[in-house]
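Got your viewer open? Load the model below and keep the selection box handy.

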Amino acid sequence: MASKLETMVSAAAPVEKEQPAPKSGPTEEQLAARKKAHEERVLRWKQIQEAGGADEWIRGELRKKGLLVDSDPSRLSDREKGSFKEQKKAEAAERRALKKLVWEAYRATHVVHLGAGVHWEDRFEADRFDVERREDRLKSNDLQDYKDAEALAKAMGVDVPTLRWFSFHRDVDGGTHYRRWQIPKRSGGSRTITAPKRGLKAAQRWVLRNIAEKLPVHGAAHGFMSARSIVTNAQVHAGADVVVKVDVKDFFPTVTWRRVKGLFRKAGLNEATSTMLAMVCTEAPRDIVEFRGRALPQGAPTSPAITNAICLRLDRRVSGLARALGMVYTRYADDLTFSWRKSDDRAKAPVGALLSGVKKILRAEGFVLHPDKTMVMRDGDRQKVTGLVVNKADGSPAARVPRETLRKLRAAIKNRELGRPGKGDETIDQLKGMAAFVFMCDAKKGQAFLDRIAKLE
């Protein structure tokens, strides 16, 4: 029935382009009016279904209003034909108005369209691209199946038009749902952070809790995971003779919405649900040079968990390569770290074989090794992993905060204790953050800093 309805109403009400949100928020009265109008449309669509479809509902409404004309004009007199024409005009006008109501009701309960280049059908059904034993896969991942757009929207706490608005694709995003800013990189240059606004962020957090965090992740992943951190990532490599760091170029932008959709389909979700959720979690490009299409934004709450799940096979392959070469592997987001220890049968670290193999695996998995960010740190060098020092040191934590960081924090606290102002825009909260960072690695030393800061407050 849906395909027949689309054909019937498309001429009367073509698919509208999604409009950006107004700059000033709606008033409470406007919100209440919108909610009421939406509820009326949802109720109307249920009535259309109960009537047996759009045609039958329209006929029933015309009959109620006394506008349905069933007379055979061939049997009418000339005088009666004039009256018949006027009745048909009135019926046609009312029929157009009812078709518009049908279309509004349909759009209130169906997605209809997600933009140019995005295949969409309002059918949450099985197809030939589903994974084998899809229901078992859903169950093993503790995921729920959704029968239609209404069910998915309701689970996310929004209505269908809002979900469509969050998901609608434009070739170039005008910034409707995201805020964008630059932060400096430690290695120089700047990094673009793209953070969703409140409404979309709430929807993405739902996806994070109910989908992304439930997907399997490799044990080598340490980034953005419960009970894991930069500390656990660094500790694995503490005391090694050789540490090798590799960086993935354009990590988040490389993960396109189609890759995210494939991840969700592999998890057992159907085509429509996977497409919709992939669009919610990705952003249309603003800079063609920087992005290669709609991809994961660096700043969305879902992006880290999705990349961890997408990298499952990558982590398996790289971990297997490292193990074969007598090395240990971990990954923190786009930072891949390897460490090697001397043994009786391995006197030299196989760095060349490692880098060659990693480069091939990354390319096969849809990623690119950053040519300027590969580091080989030997025992005589300072070895840093995710910002922490991991060189051998008797009596010190396996992963340590760099000495210069400790000196800066100690000096900043001392200046405050002596009544001097902080440097630049330095705040007490920033000092507390640095002290908490130290506490993660060395609880005794970190607590001493926190106690001194507490007295300053």
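Here is a short walk from the whole chain down to single side chains.

**Whole chain.** Start in cartoon view, and keep in mind that this is a predicted model. What does the secondary structure come to? The protein chain has 18 helices and eight strands. Now colour by burial: of the 457 residues in the protein chain, 44% are buried. Switch on a surface and you are looking at about 25,100 Å² exposed by the protein chain, with 50% of that supplied by carbon and sulfur atoms. If you like contact maps, take the contacts between residues at least 6 apart in sequence: 69% of them join residues at least 24 apart.

**Aromatic pairs.** Next, show the rings of Phe, Tyr and Trp as sticks. With centres within 6.5 Å as the cut-off for a pair, the count is nine aromatic pairs. Select Trp45 and Tyr106 to see one that is edge-to-face, at 5.3 Å centre to centre and with 70 degrees between the planes. Why does this pair tie together separate parts of the sequence? Trp45 sits in helix α2 (residues 28–51) and Tyr106 in helix α4 (residues 78–109), so the pair links parts that are 61 residues apart in sequence. Both Trp45 and Tyr106 are buried, and adding Trp103 to your selection completes one aromatic cluster of Trp45, Trp103 and Tyr106.

For another geometry, jump to Trp165 and Phe166. Their ring centres are 5.7 Å apart and their planes meet at 25 degrees, so this pair counts as stacked. Are the two partners buried or partly exposed? Trp165 is partly exposed because its relative accessibility is 21%, with the buried class ending under 20%. Phe166, in contrast, has a relative accessible area of 6% and is buried.

**A charge over a ring.** Select Arg259 and Phe367 and turn the view until you look down on the ring. Arg259 lies over the face of Phe367, 4.6 Å from the ring centre.

**Last stop: Gln204.** Find helix α8 (residues 198–210) and pick out Gln204 within it. Is Gln204 buried or exposed? Its relative accessible area is 0%, so Gln204 counts as buried. Which residues does Gln204 touch, leaving out those up to four places away in sequence? Expand the selection and you should find Tyr178, Pro196, Val280, Cys281, Ala300, Pro301 and Thr302.

Notes. Residues numbered from 1 in each chain as written. Predicted model: local features only at pLDDT ≥ 70, side-chain atom pairs only at ≥ 80, totals over all residues. Heavy atoms only, no water. Helix = DSSP H or I, 4+ residues; strand = E, 2+ residues; numbered from the N terminus. Buried < 20%, exposed > 50% of the residue type's maximum accessible area, 1.4 Å probe, protein only. Contact = heavy atoms within 4.5 Å. Phe/Tyr/Trp six-rings, centres within 6.5 Å; stacked < 30°, edge-to-face > 60°. Lys NZ or Arg CZ within 6 Å of the ring centre and 35° of its normal. Areas by Shrake-Rupley, 256 points an atom, 1.4 Å probe, with all protein chains shown as cover.
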